[in-house]
Amino acid sequence: MSLLPRGNKLSQSVVSASLRNGTRANVGARPLSWTPLRGVATATELTRFGQRYVNKGLSRLVEDVFDKGEGSWLTMKSGRRVLDFTCGIGVTNLGHCHPKVSKAAADQCMALVHGQCSVAYHEPYLNLIKRLLPMMPDPSLDSFFFWTSGSEAVEGALKMARSITHKQNIITMQGAYHGRTFGAMAVTKSKTIYSDGVAPLMPGVFTAPFPYWHHFSSSPSSSEERIRACLYQVELLLSQQSAPSDTAAILIEPVLGEGGYVPAPHTFLRGLREICNKHGILLIIDEVQSGFGRTGKNFNIEYSGVKPDIMTIAKGLANGFPLSGIVSRKELTDKLKPGSMGGTYAGNAVSCAAAIAVADAFKEEKILENVQARSKDLFDSLHALQRNAAIGPHILDIRGQGLMVAVEFASPSHSAYDPAVTTTAPEHLASRVSKRCLEKGMFLLTTSVYETVRFIPPLNISQEDLLKGCQIFAEAVEEVVKEG
Ligand SMILES: Cc1ncc(COP(=O)(O)O)c(C=O)c1O
């Protein structure tokens with residue numbers, strides 16, 4: 001009797017293919033042959049397999065399969081070589097398979113893979129803290145807990161804030177993204193898709209306005225008046241909806257990520273710090289996407305000089321190995337009960353070893369200097385495109401810092417009340433440009449509910465590759481605008 005799912009044509013054809021190739025279908029442990037994963041299947045067969053067996057809740061930019069990654073480039077199973085301006089959403093900051101990072105992980109694999117953090121310390125964990133201490137935005141951040149994903153780090157930060165302050169409420173920002181687990185989802189306000197239909201969410205969450213011009217029926221400019229209005233709204237929130245005596249923390253990304261790559265103005269961050277100081281509220285800075293050199297400093301919050309009480313980190317920390325962290329002050333974390341924090345895979349030894357190699361590479365390879373230089377190249381190229389008379393009217397805003405940069409296009413369709421709506425603008429410019437870039441050999445992501453694309457190239461990208469990406473983008477925009 002066949003162990004394959006009945007009537008499953010794909011499974012049958014995969015098995016037939018394996019038999020034709022003289023390989024034996026492994027029908028013991030799993031009801032399907034794993035032959036395709038040994039490299040005999042085509043990209044089309046693999047994607048069809050994925051479409052049938054991978055959870056539909058996962059979406060993707062392209063129906064293809066990664067084969068190899070090297071530096072700024074990815075090779076796909078379809079045979080295409082693609083310039084990666086996504087870095088796996090801000091993760092492979094030192095490029096794919098950085099030799100020193102991969103070697104450090106491989107060496108660690110032969111020494112100790114899983115040193116459970118609730119059983120004993122392991123050296124990579126402690127050595128990583130040693131590397132990170134001098135990189136922190138303030139020396140007061142001296143107490144570390146490593147986890148696996150950014151969402152977990154946010155969950156842990158929320159839990160710590162509640163536990164330390166004995167207060168419940170959290171203030172988050174309009175447009176914020178903090179993850180897809182239940183606590184992180186409750187403080188995410190960038191798109192409804194992340195929590196659509198799964199309420200009730202964690203209670204005690206209040207949303208304050210983030211001073212992004214598009215949220216305010218305004219034009220793309222920074223305005224002190226808007227910043228003051230937003231700070232006033234936070235104060236009003238504390239007097240009308242969530243009393244300071246009930247409010248544990250204000251949580252903010254220093255650059256809205258999934259909300260549109262919008263840097264928080266420094267005066268806004270400083271104002272939040274003052275409000276927190278005044279009311280005994282903790283300030284949690286989420287640097288999961290903006291950290292580790294992405295914006296030209298180790299952490300974006302350094303630009304404002306604001307001291308976080310708790311900071312969450314992940315993504316670029318280990319260049320692709322799953323690792324996140326929550327950093328705070330010893331004086332605060334000493335209030336936690338031993339055993340209240342933990343996790344089976346928390347602070348994995350291989351990921352920590354990779355993160356140590358990342359921190360070393362940052363210094364040895366002068367990564368921050370390259371970010372500054374390539375950022376200038378990127379902005380110069382985008383501003384030149386904006387000066388093109390046929391394109392300029394379609395670009396509303398070019399913004400960002402370092403290599404966390406966005407282009408927002410005009411749109412005819414967001415809302416009838418949106419003053420940035422231009423009835424003559426082409427539809428869906430961001431997703432069409434992203435698709436055209438891919439056709440031309442570059443991955444470029446969109447972001448937010450607005451027509452925005454985001455540039456997240458590797459921090460060590462060469463000038464040649466960066467300019468190639470800029471050229472692909474310019475051609476894609478010109479073509480899509482021309483098509484209307
Ligand atoms: C600012 C921020 N916080 C948290 C997260 C969640 O991280 P993860 O996807 O690793 O759970 C993300 C992910 O994009 C993020 O950008």
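Two strands are taken to pair if DSSP finds at least two bridges between them. The model described here is predicted. Under that rule, strand β14 (residues 404-409) and strand β17 pair in the antiparallel sense, over 4 bridges. Within this pairing, V405 stands opposite F455 in β17. Strand β17 (residues 452-455) also has strand β16 (residues 445-447) as a partner. Here 3 bridges join the strands, and the sense is again antiparallel. L445 has R454 of β17 as its bridge partner. The strands β16 and β17 form a hairpin with 4 residues between them. In this hairpin S448 takes a positive phi near 75 degrees. The side chains of β17 fall into two sets: T452 and R454 point one way, while V453 and F455 point the other way. All four of these residues are buried.

Two further hairpins involve strands β1, β2 and β3. Strand β1 (residues 66-70) runs antiparallel to strand β2 (residues 73-76), and 4 bridges join them. E70 stands opposite W73 in β2. The hairpin of β1 and β2 has 2 residues between its strands. G71 lies in that turn and has a positive phi of about 60 degrees. Strand β2 is also joined to strand β3 (residues 81-84), by 3 bridges. These two strands run antiparallel as well. L74 stands opposite V82 in β3. The hairpin of β2 and β3 has 4 residues between its strands. In its turn, G79 has a positive phi of about 100 degrees.

Positive phi values also occur outside glycine. C87 is one such residue, with phi near 50 degrees. C87 is found in helix α3 (residues 87-90). C87 counts as buried, because 27 C-beta neighbours lie inside 10 Å. K366 is another residue that is not a glycine, and its positive phi is about 50 degrees. K366 sits in the loop between α11 and α12 (367-387). K366 is exposed, because just 12 other C-beta atoms lie within 10 Å.

The largest nonpolar core holds 127 residues. Among its members, A161, A354, A355 and V358 touch the most others. Helix α11 (residues 349-364) gives the largest share of this core, 12 residues. Domain 2 (99-364) and domain 3 (367-483) both give residues to the core, so the core lies between them. Leaving aside neighbours within four places in sequence, A355 is in contact with L128, L317, A318 and L323.

Helix α6 (residues 150-165) bears on the ligand site. The helix gives 3 residues to the shell around the ligand, the largest share. The shell has 14 residues, of which G150, S151, G179, V288 and Q289 come nearest to the ligand. By class, 5 residues of the shell are nonpolar, 7 are polar and 2 are charged.

I164 also lies in helix α6. I164 is buried, because 21 other C-beta atoms lie within 10 Å and the cut-off is 20 or more. Residues up to four places away in sequence aside, I164 touches L332 and K335. I164 and A248 are 84 residues apart along the chain, yet their C-alpha atoms are separated by 8.4 Å.

Two prolines in loops complete the description. A cis peptide bond joins A199 and P200, with omega about 5 degrees. P200 is placed in the loop between α7 (182-186) and β6 (205-208). P265 lies in the loop between β9 (262-263) and α9 (266-279). P265 is partly exposed, because 19 other C-beta atoms lie within 10 Å. Not counting residues up to four places away in sequence, P265 touches P211, S222 and I227. The C-alpha atoms of P265 and E224 are separated by 9.0 Å, although the two residues are 41 apart along the chain.

Note on methods:
Residues are numbered from 1 along each chain as its sequence is written. This is a predicted model: local features need pLDDT of at least 70, side-chain atom pairs count only at pLDDT 80 or more; totals for chains, interfaces and linings use all residues. A residue is near a molecule or strand if its C-beta atom, placed from the backbone, lies within 6 Å of it. Ala, Val, Leu, Ile, Met, Phe, Trp, Tyr, Cys and Pro count as nonpolar, Asp, Glu, Lys and Arg as charged, and the others, Gly among them, as polar. A nonpolar core is a set of buried Ala, Val, Leu, Ile, Met, Phe, Trp, Tyr and Cys residues joined through C-beta atoms within 7 Å. Domain bounds come from an automatic or database domain assignment. Two residues are in contact if their C-beta atoms, placed from the backbone, lie within 7 Å.
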